[in-house]
Amino acid sequence: RTTLWGYAAEEKLTLEEMLKVRYQGIRPAPGYPSQPDHREKKTMWDLLEIDKLSEGTLTLTESYMMMPSASVSALVFAHPQAKYFSVGQVNKDQVQAYSDRRGESGVEGTERWLGSTVL
């Protein structure tokens with residue numbers, strides 16, 4: 001954050017402060033309220049060529065769990081006004097539109113991955 005991004009070069013947070021999210025910005029991750037569909041982790045994985053970059057040491061299971069289990073992934077937004085949000089409840093027509101954009105033939109898989117957000 002402070003070296004590669006350079007936006008908070010003077011920041012000197014302790015590990016405890018980092019763990020308590022005292023830094024500027026947000027880091028929503030697949031499976032959380034702002035990004036409930038874990039399958040989007042695969043999209044990120046492919047765009048970043050993680051298999052190639054990690055030389056096969058990081059993998060995704062069929063349920064999109066990352067291995068080794070201590071691995072994490074997230075979208076990181078450093079803007080000072082970035083705030084966490086929740087997708088909230090999703091109507092059936094929204095599920096259908098999302099499924100269509102993903103190129104899926106039905107909504108069953110999408111409903112499964114969106115879980116309790118579907119009305």
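**Exercise 1. A lysine in helix 2**

Task: In this predicted model, find which residues Lys-41 touches, not counting residues up to four places away in sequence. Then decide whether Lys-41 is buried or exposed.

Solution.
- Step 1. With residues up to four places away left out, the contacts of Lys-41 are Pro-30, Leu-60, Tyr-64, Met-66 and Ser-73.
- Step 2. Locate the residue: Lys-41 belongs to helix 2.
- Step 3. Lys-41 is buried, yet it has no salt bridge.
- Step 4. Look for a possible partner. The nearest side chain of opposite charge is that of Asp-37, 9.9 Å away. A salt bridge requires a nitrogen of Lys or Arg within 4 Å of a carboxyl oxygen of Asp or Glu.

**Exercise 2. The buried face of helix 2**

Task: List the buried residues of helix 2 and state what they pack against.

Solution.
- Step 1. Glu-40, Lys-41, Met-44 and Trp-45 are the buried residues of helix 2.
- Step 2. Viewed down the axis of helix 2, these buried residues fall within an arc of 150°, so they line one face of the helix.
- Step 3. The buried residues of helix 2 pack against helix 3, strand 1 (59-60), strand 2 (66-67) and helix 4.
- Step 4. Now look past the end of the helix. Glu-49 follows helix 2 and has a positive phi, near 55°. Glu-49 is in the loop between helix 2 and helix 3 (50-53), and its relative accessibility of 46% counts as partly exposed.

**Exercise 3. A salt-bridge network**

Task: The structure holds seven salt bridges. Trace the ones that join Asp-37, Arg-39, Glu-40, Arg-102 and Glu-104.

Solution.
- Step 1. Recall the principle: side chains of opposite charge can pair when their charged atoms come close.
- Step 2. Start at Arg-39. Its salt bridge with Asp-37 has closest N and O atoms 2.8 Å apart. Arg-39 and Asp-37 are both buried.
- Step 3. Arg-39 also forms a salt bridge with Glu-104, where the closest N and O atoms are 2.5 Å apart. Arg-39 lies in the loop between helix 1 (15-19) and helix 2, and Glu-104 in the loop between helix 4 and helix 5, so the pair ties together parts that are 65 residues apart in sequence.
- Step 4. Check the surroundings of this pair. Arg-39 is buried at 7% relative accessible area, while Glu-104, at 22% relative accessibility, is partly exposed.
- Step 5. Turn to Glu-40, which forms a salt bridge with Arg-102; the closest N and O atoms are 2.9 Å apart. Glu-40 lies in helix 2 and Arg-102 in the loop between helix 4 and helix 5, so this pair ties together parts that are 62 residues apart in sequence. Arg-102 is partly exposed, at 30% relative accessibility.
- Step 6. Through shared partners, salt bridges join Asp-37, Arg-39, Glu-40, Arg-102 and Glu-104 into one network.

**Exercise 4. Helix 4 and the nonpolar core**

Task: State which residues of helix 4 (residues 92-101) are buried, and which residues make up the largest nonpolar core.

Solution.
- Step 1. Val-95, Tyr-98 and Ser-99 are buried in helix 4. Seen down the helix axis, the buried residues of helix 4 fall within an arc of 100°, so they line one face.
- Step 2. Asp-93 and Arg-101 are exposed on the other side of helix 4.
- Step 3. The cover over the buried residues of helix 4 includes helix 2 (40-47) and helix 5 (108-114).
- Step 4. The largest nonpolar core has six residues: Val-90, Val-95, Tyr-98, Val-107, Leu-114 and Val-118.
- Step 5. Follow one of these core residues. Leu-114 touches Pro-36, Asp-37, Val-95 and Tyr-98, not counting residues up to four places away in sequence.
- Step 6. Just after helix 4, Gly-103 has a positive phi of about 75°.

**Exercise 5. The whole chain**

Task: How many helices and strands does the protein chain have, and what is its radius of gyration?

Solution.
- Step 1. The protein chain has five helices and two strands. Along the sequence their pattern is α-α-α-β-β-α-α.
- Step 2. The radius of gyration of the protein chain is 17 Å, well over the 14 Å that the globule rule gives for 119 residues, so the chain is more spread out than a compact globule.
- Step 3. Along the principal axes, the C-alpha atoms fill a box of roughly 50 × 35 × 20 Å.
- Step 4. Of the 119 residues, 29% count as buried.

Key
Residues numbered from 1 in each chain as written. Predicted model: local features only at pLDDT ≥ 70, side-chain atom pairs only at ≥ 80, totals over all residues. Heavy atoms only, no water. Buried < 20%, exposed > 50% of the residue type's maximum accessible area, 1.4 Å probe, protein only. Helix = DSSP H or I, 4+ residues; strand = E, 2+ residues; numbered from the N terminus. Arc of directions from axis to C-beta. Contact = heavy atoms within 4.5 Å. Lys, Arg positive; Asp, Glu negative; His and termini not counted. Core = buried A, V, L, I, M, F, W, Y, C linked by side-chain atoms within 4.5 Å. Rg over C-alpha atoms; globule rule 2.2 N^0.38 Å.
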